[in-house]
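Grab a coffee and work through these short exercises with the viewer open. Try each task before you read its solution.

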Amino acid sequence: MLQCREDVLTFTKQLVNIESVVNTSGEKDIAQSLYSMISSMPYFSQNPSHLVLEQTLNDDQERYNVLAFVKGTKGTSNRTVILMGHMDTVGIEDFTHLKDQACFPDELMESLKMEQLPAAAKEHLDSGDWLFGRGVLDMKSGVASNVYLLNYYSQRPEELEGNIVLLAECDEEDSSHGVLSALKTLKCWRSEHGFDYVAAINADFVSPRYEGDENRYIYKGTVGKLLPSFFITGAETHVGSAFEGLDPNFIAAELTRQINYNPELCNEAFGETTVPPVSLKQTDLKPSYTVQTALAAYVYYNFFIHSWSPKDVLEKLKEQAMIAFTNALTSFEERYKQYSTISGEPYVPHSWKPKVLTYEEMEQLLVDENGEAFTAHMSQFKEKLLKNTELDTRMFAAKVVEEAWKWMKDKNPAIILFYSSLYSPRIELTGKTTNELALITSLDEAVEELQPYYQYPIVTRNFFPYISDMSFVALSDDEAGISAVSNNNPGWGTKHFVEYQDIRDINVPVINIGPYGLDAHKKLERLEMTYSFEVVPNLTHLVIQKLLK
């Protein structure tokens, strides 16, 4: 067993002390600090080309990744394991009056002793085996574990029958610019140094899956995440003549009722099931108050997948949107009839029919009808829209759909379905390739070997349940699945673009061995030190040793 607890704790505190909230200058600061920390290690003083501080590509912010590698001297194998972890965190506003202490665990824990805490958090605080603070769990302790192992092997390359690569990336909490940029460096190193990437080990946090769950989870592969979005048009009217038009918010409300928490939209694979979709935004697109109903509404939903492709999701949601649209129109007409009865005003039925198109279908229709005039106009519109730096990728996409809709000859109410943000691909790890089988076998053997030294069960599952950069080192989707993303994202190629071919080129099986704790992204974020600072690095070490034999 590696005696690593104090070293990993020290590395963790050094990293946590640097406030590195995503999309702030702190991301730059922590990368430079980590680079300095690693460059002071004797191995990297002697091999400076084995360490790089590298700015992200196609990014509107200045931030950096840190990448390093140690070449083993035990034999001549080129087998290489990638150790991954992100340096950025979510914000610290939730710490309120303790904000200044959020990144200083010792000071924070002293202050928390004076606070009214939930019983479990109070017990953890008093135990001496839990560390509190922003980023301790998600996931600077995971990065610290990887840095410890990098340092360990740099001092003992003779124990390494192959190579390890450290990737400490930025921007995991937003748009994954870090890992997507790093792929090009990993490809370059493979070419320059002959690295044969056989596995990646991510070190993101794990938590109980339910109240009373004492398992510590290791995950093989990861959940995929999409952001299906809906542009909804109605028929504008004055609110004093409500039934002469159709409020798009009425359709949007029915759509959310149909999709939110719908078990039919949970994706089961290998005995594990995703949580259902939940709305993340619902709004109309009126710029200001008027007594006219809105012309359009906009909603989008978080959507997790295990085995479905982005193409499958579009097909399923198109069906759900048709159901919601039909229900909304039926309800509208029923209420209109009831109103006519009680008011004595005549009932004049409308001719609206449910209409749902994907963005790709609408765009093709408009290209067929208008040719170059439409494509040139939309290209110019997108370039102009890019100058509005306040628009995120989601609202940028909505504005593009809104502009394209103006070209539609049929302006009857409709729903346009599209994707408006980054697709984090799902990864299945089943043993279908030699590398996958070797990784699964090595993991199983390492867990069996280490379990007697730890009191709680260490349990493997198939899909990491949170969004993570694991999604960008392998790809389980075929070309049709990826095309469904690119062809249905209105901002693709302008506001948003991912070179999925880079992922295919790396295509390395990935698992997650990370720190254990509770309340990530919350004020009481905390980790259990015994598991996080002793079990995690030792388990990762064993997997590396077994993989590289």
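One term first: a residue counts as buried when its relative accessible area is under 20%, as exposed when over 50%, and as partly exposed in between. Keep in mind, too, that this is a predicted model.

**Exercise 1. Work out how many residues of strand E15 (residues 414-419) are buried, and what follows for the strand.**

Step 1: Go along the strand and apply the cut-off of under 20%. You'll find that 6 of the 6 residues pass, so E15 is largely enclosed by the rest of the structure.

Step 2: Now split the strand by face. In a regular strand, side chains point alternately to one face of the sheet and the other. On one side of E15 sit Ala414, Ile416 and Phe418, on the other Ile415, Leu417 and Tyr419, and both faces are covered.

**Exercise 2. Find which strands pair with E15, and in what sense.**

Step 1: Start with E9, which covers residues 228-233. E9 pairs with E15 in the antiparallel sense, over 6 bridges. To check the register, look for proline 228: it stands opposite tyrosine 419.

Step 2: Move on to E14 (residues 356-358), which runs parallel to E15 and is joined to it by 3 bridges. Here threonine 358 has leucine 417 as its bridge partner.

**Exercise 3. Describe the second largest pocket: what is its volume, and what lines it?**

Step 1: The volume comes out at about 280 Å³. Of the 18 lining residues, Phe231, Ala294, Leu295, Ala296 and Glu402 are the closest to the pocket's centre.

Step 2: Look for the elements behind the lining. Strand E9 and helix H12 (393-405) each supply at least two residues. E9 is the strand you just met as the antiparallel partner of E15.

Step 3: Sort the lining by class, and you get 8 nonpolar, 5 polar and 5 charged residues.

**Exercise 4. Track down some backbone oddities: where is there a cis peptide bond, and where do asparagine 23 and phenylalanine 270 lie?**

Step 1: The cis bond joins aspartate 138 and methionine 139, with omega about -15°. Methionine 139 belongs to helix H6 (residues 136-155).

Step 2: Asparagine 23 isn't a glycine, yet its phi is positive, about 65°. This asparagine lies in the loop between helix H1 (5-16) and helix H2 (26-39). Its relative accessible area is 31%, so asparagine 23 counts as partly exposed.

Step 3: Phenylalanine 270, also not a glycine, has a positive phi of about 55°. Look for it in the loop between strands E10 (268-269) and E11 (272-273). At 46% relative accessible area, phenylalanine 270 is partly exposed.

Note on methods
Residues are numbered from 1 along each chain as its sequence is written. This is a predicted model: local features need pLDDT of at least 70, side-chain atom pairs count only at pLDDT 80 or more; totals for chains, interfaces and linings use all residues. Side-chain values use heavy atoms; hydrogens and water are left out. On a 1 Å grid over the protein atoms alone, a cavity is a set of points where a 1.4 Å probe fits but cannot get out, and a pocket is an open set with protein on both sides within 12 Å along at least five of seven lines; lining residues have an atom within 4 Å of a point. Grid points are joined across faces, edges and corners, and a volume is the space filled by probe spheres set on the points. Helices (H or I, at least four residues) and strands (E, at least two) are DSSP runs, numbered from the N terminus. Ala, Val, Leu, Ile, Met, Phe, Trp, Tyr, Cys and Pro count as nonpolar, Asp, Glu, Lys and Arg as charged, and the others, Gly among them, as polar. Buried means under 20% relative accessible area, exposed over 50%, partly exposed in between (1.4 Å probe, protein chains only). Two strands pair if DSSP finds at least two bridges between them.
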